[in-house]
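Reader: I have this one open and would like to walk through it. Mind if I ask as I go?

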Amino acid sequence: MSFLRKKLDELRRPFDKGQKWEKFAPAFNAFDTFLFVPDHTTKKGAHIRDAVDLKRTMITVVLALLPALFFGIYNTGYQYFSQTGEAFTFMDAFLHGAWKIVPMIVVSYAVGLGIEFIFAIYRGHEVNEGYLVTGLLIPMIMPVDIPLWMVAVSVAFAVLIGKEAFGGTGMNILNPALMARAFAFFAYPTYMSGNKVWVSEASSVDAISGETILGSLAAGKEVTYNMWSMFAGSIPGSIGETSTLWIVVGALILIATGVGSWRIMIGGIVGAAVMGFLFNIWGANALMSFPWYQHLIVGGFAFGIVFMATDPVSAAQTFKGKWIYGVLIGVFSIMIRVFNPAYPEGVMLAILLMNVFAPTIDHYVIEANIKRRKKRLATVTAKSA
Amino acid sequence: MSNDIKIRKGLDIKLKGVAEKTISVAPRSKKFAIKPTDFHGVTPKMVLKEGASVKAGEVIFFSKYSDRVKFVSPVSGTLSEIRRGAKRRILEVVIDADAEDTFMEHGSRDISKMSGEEVKEHMLEGGCWPFIKQRPYDIIANPEEAPKAIFVSAMNTAPLSADVEFLLKDRLDDFKLGLEAISKLSSGKTHVSVAGGGSGLLDGISGVELHKVNGPHPAGNVGVQIHHVDPINFGERVWVVGPEDVAIIGAFFRTGKFQADRLLAVAGTEAPNAQYYKMRIGSNVLDLVGKIPSSVRIISGDVLTGDQLANNGFVGYYHNVLTLIPEGKDHRMFGWMPFMDNHIPSMSRTSLSWLFPNKRYKVNTNLNGEERALVVTGEMEKVMPMDIYPMQLLKECMASNIEKMENLGIYEVAPEDFALIDYTNTSKIEAQVIIREALDLMIKEVG
């Protein structure tokens, strides 16, 4: 370990202040601090600091994503083999999925981190860790057969327009991963929706129907999957979204470590359940009468509310605001599902919509605090007058 | 009882190296110093020149913008050096101490027969005024103003801080005298808060509002107590006095001498003897604890709010604790991984240390990460037991938006109230520095 440390200190010398590669120090630091927590000591303020830092926080989210990712990889193969009718083992399915998905992850990280590094060097700040999460989220919310170049373009759009244009990590208004998906959705609709994209090779092999449950509901067809399949996730859909079971495991990791907001998650589930229940009573079409509890476990709702809505930068920041924000995401998710036949999934648009309104929600929550303070001042002034 | 305060938010950081409750008389320092930098916002105007001989309690400088506020020598001796920093700013006024003190005599006074104005004048003349601090802004009080209340927090909750009951147990009478004196400074109430779980040493105190405070740090911060008892509005002033300072003031009225003796808790894992020392304000660290290796950080004050000192530096004017902890200038391989390095305390549950709430930790000064943009939300609120949105206030402070800062409660906070935010926040921002700069801006713009 000390050998490696010495080697690194040697390597970093040209990047030090006043040396020839000083400008590229953020790039070197990104690798250095990945291996070692730096030897920086406190200069101002409190002399001791908590063990937590942004790297640790972000890696925790990545850990929480892994169960759903591994299941998504397996499910990609499972959908392909079970629909073509070939005999297969667990390993076959997993390898088929990995063959499709690992390149997407590589492209997402390469393009996204590449842009992050360039901006860090250009702006002279350290590389922020936020993209470690975004870069994994993006492939997980894409259909499996999307061409890699589309992944690359969507990532570039999301990082450049969605994040860096606003000033980088911590400043963005919309969730960057959802920006990537929304961009792909509106730019390449034939690759992002319909009934031919959700299962590996569905567009080239006739035997495969790649229709999602929400898709068939919107088309007025019967749903052939049982509750357990919907919950466990052996259904077609975006890579990471299908298995509510493993998403719940991720959610528990986020809540147990305190990294993800349980207020947003619970709020979202309550909002969606109530909205679904109201539509059940109304029951004018197949999507409306789809049981409210099944709304929670099909499509991207579970993934969205656990991993996308809880992004602390684009969500509401106050505790009260988080409740309101979560509930409204739930309500709008189901409402968009039911009322928008062209696009039977609502959670992406619901979260993006609420991202935009999150600062407004916070504004009113904080305004209440300000009013209390002003009222107190008014009583004092009235008394002394 | 309605007078009690229950604090729920906050964090007790349990550290190793608690000062043992025995008292040694520290060897008398050869050099003492008064550091104008301890008095935030004060520009010193020197009265004495280098080489002048000085008595204990004799004025050595006064505040340029408030000439009634005088600063006196803690010992008698010779003013040997005025150490200056950048732009000739005075950093330390050093006094070579005589073996025995000769005091300026102000005469014993009977407080009960004095008016508020007389008490104030006597304190200003005797050099006791710097003990009176004001909120908002956390600076020495302006004697021309009238406070709506006076607060004394007779409890400490900061990590490794001195036990106030231990500080006061032998000078309870002076403490009561001091309370009687400062009570006369305001037409409003005088509030004294004590720790809920204490021994009841101060229970019988009369003439003041007594509050029992329960809860984790920062429950002992006077600003938190003010917020829960009588919050500060725009234009209002509250004066605060440290508990031992009250006793020093009391002794001054009793004897007529400015005898600024303190008990100093020497604490932290690197302290040669973690115990209490009896010493005079302005004592030299080298004389007190001896030679300390450079791999140790010497902090005058507690680990959250104190000032770093050199080995030959001088203990801060207001400080009751000297903390010595190791510097953390080393690398930790893959230390950013969740659940790694659980020997470092963490409020976040991404470390396992939260499973052991009663374990005491050895800490160092490593930043445990690097500064980043503010990303995580909701963590600052957990250590801010006031009806204030800390992150929003910090952001407005960074933007120097005065109206928004007022709206969000800048008058109710002091840097020390944001110390735990310094400690816990994921992005490693310096919240205390931001608040201090914002308060300075408010002094300039609003006053």
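Reader: What share of the residues of chain B count as buried?
Author: This is a predicted model, to begin with. In it, 54% of the 447 residues of chain B count as buried.

Reader: And why would 21 Å be in line with expectation as a radius of gyration for chain B?
Author: Because a compact globule of 447 residues would have a radius near 22 Å, and the 21 Å of chain B agrees with that. Along the principal axes, the C-alpha trace of chain B spans about 65 × 50 × 45 Å.

Reader: How is chain B divided into domains?
Author: Domain 1 takes residues 5-10 + 115-255, domain 2 is 31-97, domain 3 is 264-326 and domain 4 is 367-445. The centres of domain 3 and domain 4 of chain B, taken over C-alpha atoms, are 27 Å apart.

Reader: How many helices and strands in chain B?
Author: Ten helices and 21 strands. Among the contacts in chain B with a separation of 6 or more, 69% are between residues 24 or more positions apart.

Reader: Switching to the interface. How many residues of each chain are in contact there?
Author: 52 residues of chain A are in contact with 61 residues of chain B.

Reader: Which elements of chain A supply that side?
Author: At least two residues each come from α2 (25-35), β1 (36-37), α3 (54-84), α11 (244-257) and α17 (347-384) of chain A. The most come from α17(A), which gives eight residues.

Reader: What is the mix by class on the side of chain A that touches chain B?
Author: That side has 21 nonpolar, 19 polar and twelve charged residues.

Reader: You listed β1 of chain A. Which strand of chain B does β1(A) pair with, and is the sense parallel or antiparallel?
Author: β1(A) pairs with β21 of chain B, residues 332-333, in the antiparallel sense over two bridges. Within that pairing, Val37(A) has Arg332(B) as its bridge partner.

Reader: Now the core. Which residues have the most contacts inside the largest nonpolar core?
Author: Tyr325(A), Ile351(A), Ile249(B) and Leu264(B), in a core of 228 residues. The element that gives the most to this core is α3(A), with twelve residues.

Reader: What does Leu264(B) touch, leaving out residues up to four places away in sequence?
Author: On that count Leu264(B) touches Tyr276(B), Tyr277(B), Met279(B), Val315(B), Asn320(B), Val321(B) and Leu322(B). Leu264(B) is also where domain 3 of chain B begins, as that domain covers 264-326.

Note on methods. Residues numbered from 1 in each chain as written. Chains lettered and ligands numbered in written order. Predicted model: local features only at pLDDT ≥ 70, side-chain atom pairs only at ≥ 80, totals over all residues. Domains from an automatic or database assignment. Helix = DSSP H or I, 4+ residues; strand = E, 2+ residues; numbered from the N terminus. Rg over C-alpha atoms; globule rule 2.2 N^0.38 Å. Buried ≥ 20, exposed ≤ 12 C-beta atoms within 10 Å, placed from the backbone. Contact = placed C-beta atoms within 7 Å. Nonpolar A, V, L, I, M, F, W, Y, C, P; charged D, E, K, R; others polar. Pairing = 2+ DSSP bridges. Core = buried A, V, L, I, M, F, W, Y, C linked by C-beta atoms within 7 Å.
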